[in-house]
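Here are my notes on the model you sent over. They go point by point, starting with how the chains meet.

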Amino acid sequence: MTALADPPAAPPAPAPAAGPPGPGRRRRSGAGRTLKAGPLAYAVLILAVLVSAFPFYWTIVAASRTNADLAQVPPSLVPGPHLIRNFEAVLAEADIGKALLNSLIVSGSITVGTVLCCTLAGFAFAKLRFRGRGALLAITVGTMMIPPQLGVIPLFMLIAELQWVNQLQSVILPGLVSAFGVFFMRQYLVQSLPDELIEAARVDGASTARIFWSIVVPIARPGMAVLGLLTFMAAWNDFFWPIVALSSQEPTVQVALRQLGGGYVHDQSVIMAGTLLGTLPVLLVFGLLGRQIVGGIMQGAVKG
Amino acid sequence: MTLTAPAKAATAPRQPALRRAWQAVSPYTYVAPFFTLFAAFGLFPLIYTAYVSLHRVELQDPGSMEWRGLGNYTALLGDEFFWTALRNTFTIGLLSTVPQLVMALALAHLLNHRLRGRTFLRTAMLLPYATSVAAATLVFAQLFGRDFGLFNYVLGLVGVGPVDWQSGTLSSQIAVSTIVVWRWTGYNALIYLAGMQSIPSELYEAAEMDGASRWRQFFHVTLPGLRPTILFTVVVSTIGATQLFGEPLLFEGSMSGGISHQYQTLGLYMYEQGWGFFHLGRAAAIAWVMFLLILVLVGANALIARRRSRKEAGR
């Protein structure tokens with residue numbers, strides 16, 4: 001699926017969605033129906049894990065062999081010795097190095113900007129009273145499910161007008177628009193920020209800006225972290241808009257992968273080496289913070 | 001909305017007028033950054049698409065627009081490849097969405113048991129979701145290779161002759177759908193799992209007292225309890241399926257979706273018209289058709305869901 005970095009939200013789970021399920025509560029959650037899994041259940045689940053993981057393993061195998069190895073029957077199923085050589089080839093042929101740097105800049109800027117914009121707006125929608133609040137929130141939520149892909153033509157005309165084609169801001173600025181993020185932060189703050197806290201601060205004479213930075217942000221931090229993770233992954237993997245707005249002169253990783261697959265590199269093992277390099281950063285994030293990402297998706301989940 | 005706003009603090013009467021005025025305006029400064037970007041890069045392009053679709057606009061000079069009325073739409077309806085793309089979008093949509101959601105439901109049911117290593121299992125199943133469309137497709141394109149692909153080798157071991165995953169209509173569509181299924185099944189399983197965990201345990205206890213078997217409990221407690229979640233995943237997957245683009249583009253690297261357009265989707269057709277043939281106006285018309293298609297499909301889903309739940313209630 002190739003939505004821009006703007007995933008729609010799952011229906012807010014009626015369950016005790018907020019807060020990590022502690023060990024004591026775990027026994028009661030899962031509908032209390034904690035049947036023990038039998039051997040068959042484990043077998044099916046492990047099979048599913050293997051199917052999920054196999055393409056990654058295969059990428060490593062194919063990226064560490066020569067093209068001739070890959071054309072052998074029977075195919076070799078263990079990694080070979082040519083990984084470094086293939087990395088060098090793809091760095092030289094497809095400029096993956098620049099693509100990685102660009103992707104880091106683009107995804108990093110989108111993440112920081114989105115989290116900031118969405119926390120500000122989410123706070124206002126959750127806790128401030130102003131005219132038109134309901135209507136503005138309705139517009140935000142109402143457009144959440146419309147795929148941004150449908151707007152790419154006027155968007156392209158716009159950035160062509162601004163002379164932004166092939167410049168990173170053409171991907172960064174539209175990437176900051178996350179209706180989902182606003183909704184997510186609003187829900188988070190409605191649940192976790194008590195009104196009494198804000199009232200007390202107001203009685204003490206704190207301005208709204210002061211309240212935002214010294215009360216809201218510290219409380220919102222876990223929600224901001226989850227939103228940041230999901231935004232980073234979505235931005236890193238975004239495909240349609242970057243290949244429209246950028247070219248091989250200023251590629252992100254996905255643009256470079258598209259060129260690799262576009263036929264001018266014929267060496268399959270080099271293509272696989274590029275795929276591996278382009279996927280590693282996001283796998284790294286996933287490996288370190290996978291548990292948080294799983295939690296974020298299950299809490300009120302997301303699709304990218 | 002049940003939000004209480006503490007804006008009217010006890011100190012109100014003593015405030016100077018300037019400060020009060022600022023308090024009325026200041027909430028807008030919090031939503032302003034988002035809405036400025038949203039208006040420029042989100043809402044405007046979506047709405048303007050309809051206007052562009054009534055004009056001739058070419059990629060070489062996107063600044064000049066020439067009124068064309070419904071010309072782009074009639075041209076579309078007269079193009080056989082539009083109909084091919086529409087048909088392919090439906091068949092690939094079914095081939096990817098149905099197995100994906102059924103398998104996700106089964107996996108979620110298993111994950112809802114008491115398990116060792118549950119965090120590991122959940123995380124591992126979400127791994128494909130973290131992969132980009134481009135990376136996944138390049139790897140699967142390799143695995144689906146006709147002559148040296150691993151899948152054909154394994155099929156050969158069980159006596160099934162080499163399948164041409166690229167040029168056959170059904171086979172290529174199955175291959176493209178496989179990539180979608182691989183990327184999204186685990187994600188949907190976690191969504192279903194979250195839904196299952198919110199079903200009150202009393203319902204299961206009551207069913208158990210009535211002597212309902214595990215199997216009957218799944219069909220009469222779990223599935224009805226999951227209905228809103230299932231509707232959500234069906235809607236999101238349907239929208240995703242109408243937008244399918246990266247997988248067919250990178251499967252062989254061509255914009256036409258195979259030599260005879262056998263797996264070209266509407267998303268890819270739009271891209272080909274706009275950035276392959278330079279007809280941005282025509283591409284905008286396709287985008288608008290896709291939007292209407294989504295509205296119809298989502299509306300149909302909601303209608304079916306409502307009718308079903310009414311039937312249940314009447315029983």
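**Notes on the two-chain model**

1. Start with the contact between the chains: 103 residues of chain A are in contact with 93 residues of chain B. Keep in mind throughout that this is a predicted model.

2. What gives the most to the side of chain A that touches chain B? That would be helix H14 of chain A, covering residues 268-300, with 15 residues. As for make-up, the side of chain A that touches chain B splits into 70 nonpolar, 22 polar and 11 charged residues.

3. Helix H14 of chain A is worth a second look alongside the record. UniProt, in an unreviewed entry, marks "transmembrane region" at several stretches of chain A, including residues 211-236 and 270-289. The others it places at residues 35-58, 104-126, 135-159 and 171-190.

4. How do two of those annotated stretches look in the model? Residues 270-289 of chain A are 100% helix and 0% strand, with 29 Å between the end C-alpha atoms. Residues 211-236 of chain A also come out as 100% helix and 0% strand, and there the end C-alpha atoms sit 33 Å apart.

5. Zooming out on chain A, you get 14 helices and 0 strands, so to speak an α after α pattern along the sequence. Of its 304 residues, 49% count as buried. Take the contacts in chain A with a separation of 6 or more: 80% of them come from residues 24 or more positions apart.

6. Now chain B. Its secondary structure comes to 13 helices and 2 strands. Why call chain B more spread out than a compact globule? Its radius of gyration is 25 Å, whereas the globule rule gives 20 Å for 315 residues, so chain B is well over that value. The C-alpha trace of chain B spans about 85 × 70 × 40 Å along its principal axes.

7. On packing within chain B, 43% of the 315 residues count as buried. Looking at contacts in chain B between residues at least 6 apart in sequence, 68% join residues at least 24 apart.

8. Last, the domain annotation on chain B. UniProt, again from an unreviewed entry, lists residues 86-299 of chain B as "domain: ABC transmembrane type-1". In the model, residues 86-299 of chain B are 76% helix and 0% strand. The end C-alpha atoms of that stretch of chain B are 18 Å apart.

Notes
Residues are numbered from 1 along each chain as its sequence is written. Chains are lettered from A and ligands numbered from 1 in the order in which they are written. This is a predicted model: local features need pLDDT of at least 70, side-chain atom pairs count only at pLDDT 80 or more; totals for chains, interfaces and linings use all residues. UniProt positions are given in the numbering used here, feature names are shortened, and annotations may be inferred rather than shown by experiment. Helices (H or I, at least four residues) and strands (E, at least two) are DSSP runs, numbered from the N terminus. Two residues are in contact if their C-beta atoms, placed from the backbone, lie within 7 Å. Ala, Val, Leu, Ile, Met, Phe, Trp, Tyr, Cys and Pro count as nonpolar, Asp, Glu, Lys and Arg as charged, and the others, Gly among them, as polar. The radius of gyration is taken over C-alpha atoms; the globule rule is 2.2 Å times the number of residues to the power 0.38. A residue is buried if 20 or more other C-beta atoms lie within 10 Å of its own, exposed if 12 or fewer, and partly exposed in between; C-beta atoms are placed from the backbone.
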